[in-house]
Amino acid sequence: MIDMKRHHPLTMLWSLWKLVKNSFAIILFLFVFRQGSESQWLFYGRIAFYAGISIGIVSIIWKWFTSRYTADDTAFHIYSGVFNRTRRTIPYTKVQNVNRHTTVFHRLFQVTSIRFETGIKGEDATFQLHVVLLSEAEQLEKIVAGYMAKDAETVEATEEPVTLDAVESMEEGEAQSEPVITDEVMSSPVKEKQERIVHYHSTRKDIFKASFTSLSFLVLIPVLGTLYSWVKDFFPDEEVTESLLLTWLDSWWIAGLMILVLLIISIALGIVRTFVKYGNFQITSDTKRIYITKGMMEQTSFSILKERVQAVKITQSPMKRLLGLAEVELTTAGSLGESAQEVNSLYPFLPVKQAYTMIEEILPSYRVTQEMERLPRISLWLRLLKPSWGWIIITGLLWYFKPFVLGQKHAWWMISAILLVWIATCRVVDFFHTRYILNQNFIQLRTGALTSTLFISKREKVIEVQITRNVLQRWFGVASIHTVNRAKPVLHHRAHDIPLDTAESFQSWYMGRTQDVQTR
């Protein structure tokens, strides 16, 4: 248990740092770029900035004094306000994901931040401590994990069939039973931590390959643009700047040497950036949760309840497909927190075969079938004959304005033709990439042209299906299928131009969901 207490005092410093960080652009404009200006509107702008910063500082201090929290045997309790008191209660049964994020600021003071995500909708669906001692963060995780372990044992002991209403109520955040925590249960997270299985740990070779796959070596291009802008500001006469640049590029060996040096610097910066972001990436799991940690300077850790996984997505970009790599992403029922802290990806640069094996290791209830059905040849002709409204609109605009491109008067029809060839090529590639299979209580759909996505889900996790047919699909005897999974936001996945008999089998397959989740 955690007695009633205020947030860590460093929370005020953390909030102040965020306030200054968010105001950094305004500070540069008012006090650096316009430092010597005596304009009246800048004078009042600085006064408004001082007033805003003062109000922000007072608000930070006031919020710290009026906010408290506690953790008892069953829930978190968060209190705020003085005149209008607000109390939030978040039961441990609603906690789905636990996210830790340790920035350079946190490491400097030997603290961390922790966030408990729930499946409840609304702004108050999370409990987050921006600054907390490492020991207290461990204690809070143990309390939640201990309660969840005891709750799971209680559910298993009842030996009653799980109903559809019960599953949906758990995922929507309805009330559950509240057993008492014992010392034996409190020690269970420690035991589970010792029994974690390491599925993947990034190596230097992986980081090196990932730096090229992510194209992070291109980070130097905007830097060079900024440097050139600074040089132009330093030399007001543009002719001087252009003459210096032409002088450097006049000699082929100087130009080649500069390009080589810039390329080496760019690759080195890309490798360093990737190493800082994805270094020390580790994927582990125990019987109930999946644990993901990453980062060198800023460390992030994330845990996901296996039972909350709604679907698995395996994504391949053209570069990753060329190198035989893929990104595995888990879709969960709960929120994943702030976008800057989302770590639901099981490493974005996994070898494809290793990714398939890892899914079955981490989620034993999932199966990945590599042999899938192709679309019939008739679907290719349907896709080529399907009108592209985007191409029609763009072609109409080009015909109306007839822009001059590279001095060519009739370049508009060339652009239209190139666009048409590009659209047709993407449709052909998407046809060859599209695969589907219904494997017992699993569904696998692979779609996408340049970037392909393999979608895997269990029948009991699919909450809605749709089968649609437009006019052309009726003529060609095909259909589109659409699945919906519970997530934040709701996950929609579609596959087009599937044979009609397969679509009907898909509907029958989904009707068998009652075998997996019983209804009353």
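**Note on the nonpolar cores and two buried residues**

1. In this predicted model, the largest nonpolar core comprises 35 residues, and V312, I314 and Y347 have the most contacts inside it. The elements that each supply at least two residues of this core are α9 (204-213), β10 (289-294), β11 (299-305), β12 (309-316), β13 (325-332), α14 (352-362) and β18 (452-458). Helix α14 provides the largest share, six residues.

2. Y347 merits a closer reading. Leaving aside residues up to four places away in sequence, Y347 touches Y200, S202, D206, I207, A210, Y278, F281, I283, A326, E327 and V328.

3. A second core, separate from the one above, has 19 residues. Among its members are I443, L491, I498 and A503.

4. V309 belongs to strand β12. Its relative accessible area is 0%, so V309 is buried. Beyond residues up to four places away in sequence, V309 touches I304, L330, T331, L363, Y366 and K461. For one of these partners, T331, a C-alpha separation from V309 of 5.8 Å is computed, although the two residues are 22 residues apart along the chain.

5. T66 is placed in helix α3, which covers residues 40-66. Is T66 buried or exposed? T66 is buried because its relative accessible area, 7%, falls under the 20% cut-off. With residues up to four places away in sequence not counted, T66 touches Y79, S80, G81, V82 and R85.

Definitions and conventions
Residues numbered from 1 in each chain as written. Predicted model: local features only at pLDDT ≥ 70, side-chain atom pairs only at ≥ 80, totals over all residues. Heavy atoms only, no water. Helix = DSSP H or I, 4+ residues; strand = E, 2+ residues; numbered from the N terminus. Buried < 20%, exposed > 50% of the residue type's maximum accessible area, 1.4 Å probe, protein only. Contact = heavy atoms within 4.5 Å. Core = buried A, V, L, I, M, F, W, Y, C linked by side-chain atoms within 4.5 Å.
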